[in-house]
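Visitor: I have a model open and would like to learn how to read it. Where do we start?

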Amino acid sequence: MQVIATAGHVDHGKSTLVRALTGMEPDRWAEERRRGLTIDLGFCWMTLPSGQRLAFVDVPGHERFVPNMLAGVGPAPAVLFTVAADGGWMPQSAEHLAAVHALGISHGLLVVTRADLADPAPALRQAQERIAATSLGQVEAVAVSAVTGAGLPQLISALDRLAGRLPSPDRDAPVRLWVDRAFSIKGSGTVVTGTLAAGTIRERQELLLTPALAAVRVRGVESLKERAAAVSGVARVAVNLRGDGRAQPARGMALVEPGRWALSKVADVRLGEGAAQRPPRQLTVHIGAARTVARVRPLGGPIARLTLRDALPLHVGDRLLLRDPGAADGTGLAGATVLDLDPPGLGRRGAAAAAAAELAGWPPVPGPAELIRRHRLIQAGTLRAMGVTALPAPVSRDWLADPAYWADLRGQLASLVSAHLAAAPLSAGLPVEAARARLGLPARQLAEALAGPALEMRGGSLRPAGRAAPPLPDQVQAAVAALRGELARQPFAAPEAARLRELGLDTKAVAAAARAGLLLRLTEQVVLAPGADQEAARILAQLPQPFTAAQARQVLGTSRRVAIPLLEYLDRSGATRRLPDDRRVLTGAG
Ligand SMILES: Nc1nc2c(ncn2[C@@H]2O[C@H](COP(=O)(O)OP(=O)(O)O)[C@@H](O)[C@H]2O)c(=O)[nH]1
Ligand SMILES: [Mg+2]
């Protein structure tokens, strides 16, 4: 199936043409038929001689209903542009063409209507010349009369050729169905319709309805009034939804596939050539059937930052239509391509100009390389939600890093570790958390991943790999030797704080001696000789099992100050197991 939207000035025969081709009524509302004026979108379809089906989205031509027009044209891959032979080029001809161009639509047909009322040649020449200068380029043109039927067979052939030329979108693309109609049907609940540009909607699939991201389940899906198990874009679809009541769909919302979209409020974009040199500070943004208001901050050249009033499900590469509601006849319409949906802040001086310079050099649709280079570090999930695929291997879990930046960080980390050990030779190394903070990394595991083969992590600290702990200063060694002599006589008589002070053993020295394997440190204040834990386990084995802490203290000949941390140490090492009644048993594992 293919979808084509009409475009052109009011009364230039759009609806009449759709009616004549499809035999269906595009003006759905009684008011439209009474006034002979299209106000809202109409949906009709036909089968072309080739068997291909073609759906029409008929739009209003009146200037008051431009937002409705954009909701219809926005998601359509092609346009059928009409100009009346007796009317010629008109203000909304220009405005609709400007919109088509801003949206970047590159497939279409020109139809000169009401050819029974005037010579179609001048209008045709006029229109073709203007269309040629837009994204549509050279289009096939047909003159028709809906009254006499002249030209209709030629138009049908031209539509068939056009439909055959249109690209077939990716069936696995992330689903984003812009809702252009929502209504309830008694007995079957809520139905939304839209033009599915790409991807596949399946029965029973779960989708999220923006902006609440309320989960809804597809009860059924139809295309052109026919039920299907699955429908792939391009297609007109009607989706019957089951929601939790939070989901009250309306035009401009979208059904999106979970995990493949995020709602964005800030976007860096490249403005199309149509954009004014100095765009107004506030513009209306249209995409698909959605519209919102955006604050525009020009960053330099064609690059600008948009801040949207309402968050929208956007992907990098999306084409936005920017509209200055104050300007007439399409002069206030411009396109913009989304480049980044999680752009870094612009707090630093010169940041805006630097961002503009960087983004101006990007390809029309940026890929992972550009975005990773800009963000330096970014999570794969964030990029996937921006629609960026074919991601490189992560440096750690979900994190992707710009290779040059990563190499630079690695060098910085090595210097930080050396500097730290030079300043604090007794320390175990640079704590990972300190490394994370100094390098300004968003996650601790990145500091660990950075360590690479040159650094090793032990006990939460980073130090050069393979390098033995630094030798203990002489006075520390002497103090430890004295202490070990005392402990040899009374293995469970841990020195009091005062004795440690006397020996000149502060916390750092005790920690260093423990790391060097010269002391067994139970707590900051309680140290024994290495192996005291095994000796304790051997003695505790003589007690009836299970035993109490008091029994342990007695048999070890020590105080509560030592016995409790010693038992807790044995619990941690698995040598003893603490029972719910606080007694312990030896496990035999010690
Ligand atoms: N004589 C003549 N009138 C036409 C033709 N096509 C449309 N009309 C008339 O032009 C008027 C506007 O047509 P409509 O389809 O509503 O225009 P739209 O606003 O572009 O949808 C209606 O009165 C139609 O009957 C045509 O080929 N010949
Ligand atoms: Mg109409």
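This dialogue goes from the whole chain to the ligand and then to single residues.

Guide: One caution before we begin. This is a predicted model.

Visitor: How many helices and strands are there in the chain?

Guide: The chain has 18 helices and 31 strands.

Visitor: Is the chain a compact globule or more spread out?

Guide: Compare the radius of gyration with the globule rule. For 590 residues the rule gives 25 Å, and the chain has 37 Å, so the chain is more spread out than a compact globule. The box tells you about the outline. Along the principal axes, the C-alpha atoms fill roughly 120 × 55 × 40 Å.

Visitor: What share of the residues count as buried?

Guide: Of the 590 residues, 49% do. Now turn to the outside. The chain exposes about 26500 Å², with carbon and sulfur atoms supplying 51% of that area.

Visitor: What do the contacts say about sequence separation?

Guide: Take the contacts with a separation of 6 or more. Residues 24 or more positions apart make up 65% of them.

Visitor: Now the ligand. Which residues are closest to ligand 1?

Guide: Begin with the shell. It holds 15 residues, and the closest are D11, T16, R114, D116 and A146. Then sort the shell by character. There are 4 nonpolar, 7 polar and 4 charged residues.

Visitor: Which atoms of ligand 1 pair with K14, G13 and D116?

Guide: Take the pairs in turn. An N or O atom in the K14 side chain is 2.8 Å from an oxygen atom of ligand 1. A polar backbone atom of G13 is 3.0 Å from a ligand oxygen. With D116, the partner is a nitrogen atom of ligand 1, at 2.8 Å from a polar side-chain atom. Then ask about cover. Alone, ligand 1 exposes 580 Å², and the protein buries 78% of that.

Visitor: Let us try a single residue. Where is T22 placed?

Guide: Locate the residue, then check its cover, then its partners. T22 is in helix α1, residues 14-22. The cut-off for buried is under 20% relative accessible area. T22 has 14% relative accessibility, so T22 counts as buried.

Visitor: Which backbone atoms lie by the polar side-chain atoms of T22?

Guide: There are two to look at here. The backbone oxygen of V18 is 2.7 Å from a polar side-chain atom of T22. For the backbone nitrogen of M24, the distance is 3.0 Å. Beyond four places in sequence, T22 contacts C44, W45, M46 and F56.

Visitor: What about a residue in a loop, such as H315?

Guide: Use the same steps. H315 sits in the loop between β20 (303-313) and β21 (319-323). H315 has a relative accessible area of 8%, so H315 is buried. Its side chain has a polar atom 2.7 Å from the backbone oxygen of R260. The H315 side chain also reaches the backbone oxygen of A385, at 3.4 Å. Past four places in sequence, H315 touches residues including P174, R176, W261, V338 and L341.

Visitor: One last residue. Is I201 buried or exposed?

Guide: At 0% relative accessibility, I201 is buried. I201 lies in strand β10, residues 200-202. Outside four places in sequence, the residues I201 touches include V175, L177, L196, L207 and V218.

Visitor: How far is I201 from G149?

Guide: Look at both the sequence and the space. The two are 52 residues apart along the chain, and their C-alpha atoms are separated by 38 Å.

How values were computed
Residues numbered from 1 in each chain as written. Chains lettered and ligands numbered in written order. Predicted model: local features only at pLDDT ≥ 70, side-chain atom pairs only at ≥ 80, totals over all residues. Heavy atoms only, no water. Near = heavy atom within 4 Å. Polar contact = N/O pair within 3.5 Å; in protein donor to acceptor, adjacent residues only side chain to side chain. Areas by Shrake-Rupley, 256 points an atom, 1.4 Å probe, with all protein chains shown as cover. Nonpolar A, V, L, I, M, F, W, Y, C, P; charged D, E, K, R; others polar. Helix = DSSP H or I, 4+ residues; strand = E, 2+ residues; numbered from the N terminus. Rg over C-alpha atoms; globule rule 2.2 N^0.38 Å. Buried < 20%, exposed > 50% of the residue type's maximum accessible area, 1.4 Å probe, protein only. Contact = heavy atoms within 4.5 Å.
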